[in-house]
Amino acid sequence: MPQTITKGYKALLAEAEAAIKTLSVEEAKALAGREDIVFVDLRDPRELEREGRMPGAFHCPRGMLEFWIDPESPYAKPVFQEDKQFVFFCAGGWRSALAAKTAQEMGLKPVAHVAGGFGAWKKAGAPFDAPEPKQG
């Protein structure tokens, strides 16, 4: 028997957006480089290799987020124990909205995410480190 999905991604995204702070690229750019802000890049390593990186962003693959945030986890990362604001982003803003909501529900605060993600960041002309050319 086929599965019946009772809550789709659109509903999950709408719930997340209603519960978290969303930053425009311009608002996010104004925070870049500040000592009290940690930008968290949720994209997978292949995306970083292909699209480039935001300078100074901490890379946390989305699948490890909960384990890296929780100080009781054997995978906990000290950066998530710092008294800073965490600004999540992904490629287009969907994973980061869900991640920011999860992080907030876990007690991490303050958190926000970047509307449109890294794609919007690059399109707006914000600084980024270009991907390394492939060695062939």
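Here are three short exercises on the aromatic rings of this predicted model.

**Exercise 1.** Work out what kind of aromatic pair Phe89 and Phe118 form, and which elements the pair ties together.

*Solution.* Start with the bigger picture: searching the whole structure turns up seven aromatic pairs. For Phe89 and Phe118, the centres lie 6.2 Å apart and the planes make an angle of 25 degrees. Planes under 30 degrees apart count as stacked, and that's the label for this pair. Next, place the residues: Phe89 belongs to strand E4 (residues 85–89) and Phe118 to helix H6 (residues 117–123), so the pair ties together parts 29 residues apart in sequence. Finally, check burial: Phe89 and Phe118 are both buried.

**Exercise 2.** Now take Phe118 and Phe128: classify the pair, then say how buried or exposed each residue is.

*Solution.* Angle goes first: the planes stand at 90 degrees, with 6.1 Å centre to centre. Over 60 degrees counts as edge-to-face, so Phe118 and Phe128 get that name. Phe118 sits in helix H6 and Phe128 in the segment after H6, so this pair bridges parts ten residues apart in sequence. As for accessibility, Phe118 has just 2% relative accessibility and counts as buried. Phe128, at 33% relative accessible area, is partly exposed.

**Exercise 3.** Which charged residues lie over the rings of Phe118 and Trp68?

*Solution.* Go ring by ring. Over the face of Phe118 you'll find Arg43, 4.0 Å from the ring centre. Over the ring of Trp68 sits the charged end of Lys77, 4.7 Å from the centre. Trp68 also belongs to a cluster linked by ring pairs, together with Phe58, Phe80 and Phe86.

Notes. Residues are numbered from 1 along each chain as its sequence is written. This is a predicted model: local features need pLDDT of at least 70, side-chain atom pairs count only at pLDDT 80 or more; totals for chains, interfaces and linings use all residues. Side-chain values use heavy atoms; hydrogens and water are left out. Rings of Phe, Tyr and Trp (its six-membered ring) pair if their centres lie within 6.5 Å; planes under 30 degrees apart count as stacked, over 60 as edge-to-face and the rest as tilted. Helices (H or I, at least four residues) and strands (E, at least two) are DSSP runs, numbered from the N terminus. Buried means under 20% relative accessible area, exposed over 50%, partly exposed in between (1.4 Å probe, protein chains only). A charge sits over a ring if NZ of Lys or CZ of Arg is within 6 Å of the ring centre and within 35 degrees of the ring normal.
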